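Please open the model in your viewer and keep the sequence panel visible beside it. The stops below suggest what to select next and say what is found there.

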Amino acid sequence: MMLTIADLQRGAKRRLPRLIYDFIEGGPGAERALDRNIEAFQDIALIPRVLTECNKRDLSVDFLGKRYAAPFGVSPMGIGNAAWPGTDLALARAMGEAKLPYSLSTAGSTSVEEMARAANGYLWFQLYINMTREIAADLCDRAAASGVDVLIFTVDANVPSRRLRDMRHQLAMPLKFRPGLIAQFAMAPQWSIATALAGPPGMGNLKKYLAGSGNDLKEMLAAMATSRLIWDDLSWLRDRWRGKLIVKGVMGGADARKCQALGADAVMVSNHGGRQLSSAVSSIEALPAVRAAVGPDYPLLLDSGVRTGEDILKALTLGANFVTMGRPFLFASAAIGHEQGGRKVVEIVRAEIDNALGNLGCNSLAELGPDLLHTPLPRNY
Ligand SMILES: Cc1cc2nc3c(=O)[nH]c(=O)nc-3n(C[C@H](O)[C@H](O)[C@H](O)COP(=O)(O)O)c2cc1C
């Protein structure tokens, strides 16, 4: 029975070829940041309030000028359809129905125009400045013309990640399947047949800049991580983008304040799901210092390692206003099919948040406060 995100992850492991599962789950080097992201949440303990009426629990939240049914959404993930053909569109539909945001990556499998039609007004768009500012500007224009009003600018992927699992599988981007992988595909027949029928998962959103343009996808992907982004790029984007602007991948207080000063509407505390730097601090550990730096009212998001509704409440208690999750949605799509996957994550996480709110003695998210946080004893007590 699929009752938790962990159940969905186990299901995904059973149904995916090893190299695809590893691409989704893996991180660089010793993968310490992956474990740390999860463990840091598990280490936080909460102190319930008692004898407070909490029978009218409301999960909804106002964020960046819009009402969402709950305080969570989907983090941007390139080549989402690697998890299962049709994942991008089905997730966008499921989130739109649930009145929750889906973030489409620049490297998403489906174009922003198609995704916006599916997402019922709940699509956010994530920008990588790759190649040229002309392409970045065009991506912004396409998003705006599709009705997207929230842009996420990712700034934490300076250089390509050294993900050893991918290197050992000789996983190449764009995805190409070599004959040596046949045994892995044979072990995952449903995924392999579905993918053979749909064609290899790609980056449909970038298609426009490839056909007949002289651009090469490989070069374009390499250009996303050339250590070239500077603060001036944020200023340029702030001038260019009229909608809400979130800067994603900020882990330090001083950097967050600089984003704030340059006019970003929000900062997302994220270590890219532990996919860039093995020794990175977890985002939940980094959050309190970022909150202290930007003051009590500046909008903050958090992702990386969120796996339960209780994790989301912990992030809100420590100063986040909104939370997104990445891998859980891809695991769900792989485990139970793209049409059901997103709905299942929403159902599980909503139920967990609602239950935890009740057990904490709260009726609404606004009631979460520092008195709920247990301060651990020093390790050598
Ligand atoms: C398969 C995969 C692809 C990703 N691609 C992108 C991307 O294109 N742009 C981006 O900003 N972050 C990308 N990320 C990072 C996610 O947006 C997010 O920060 C991370 O997955 C959150 O951690 P979690 O998976 O533990 O929830 C990707 C993550 C995964 C797992």
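**A tour from strand to ligand**

Begin by selecting F125, which stands opposite L151 in β6. This is a predicted model, in which local features need pLDDT of at least 70 and side-chain atom pairs count only at pLDDT 80 or more, while totals for chains, interfaces and linings use all residues. Residues are numbered from 1 along each chain as its sequence is written.

Next, select strand β5 (residues 123-127) together with β6, which run parallel and are joined by three bridges; two strands pair if DSSP finds at least two bridges between them. Helices (H or I, at least four residues) and strands (E, at least two) are DSSP runs, numbered from the N terminus.

Now keep only β6 (residues 150-154), where five of the five residues are buried. A residue is buried if 20 or more other C-beta atoms lie within 10 Å of its own, exposed if 12 or fewer, and partly exposed in between, with C-beta atoms placed from the backbone. On one side of β6 the buried residues are V150, I152 and T154, and on the other they are L151 and F153.

Move to L123, which, with V267, has the most contacts inside the largest nonpolar core, a set of 109 residues. Helix α16 (residues 338-360) gives the most to this core, with eight residues. Such a core is a set of buried Ala, Val, Leu, Ile, Met, Phe, Trp, Tyr and Cys residues joined through C-beta atoms within 7 Å. Leaving aside neighbours within four places in sequence, L123 is in contact (C-beta atoms, placed from the backbone, within 7 Å) with A92, Y102, L104, M115, A116 and V148.

Then select P17, in the loop between α1 (5-15) and α2 (18-25). Is P17 buried or exposed? P17 counts as buried because it has 23 C-beta neighbours inside 10 Å. Beyond its neighbours within four places in sequence, P17 has contacts that include L181, F185 and W191.

For the last selection, take the ligand and the 22 residues that surround it, of which the closest are S75, G78, S105, G273 and G326; a residue is near a molecule if its C-beta atom, placed from the backbone, lies within 6 Å of it. The residues of this shell divide into six nonpolar, twelve polar and four charged, where Ala, Val, Leu, Ile, Met, Phe, Trp, Tyr, Cys and Pro count as nonpolar, Asp, Glu, Lys and Arg as charged, and the others, Gly among them, as polar.

How values were computed:
Contact = placed C-beta atoms within 7 Å.
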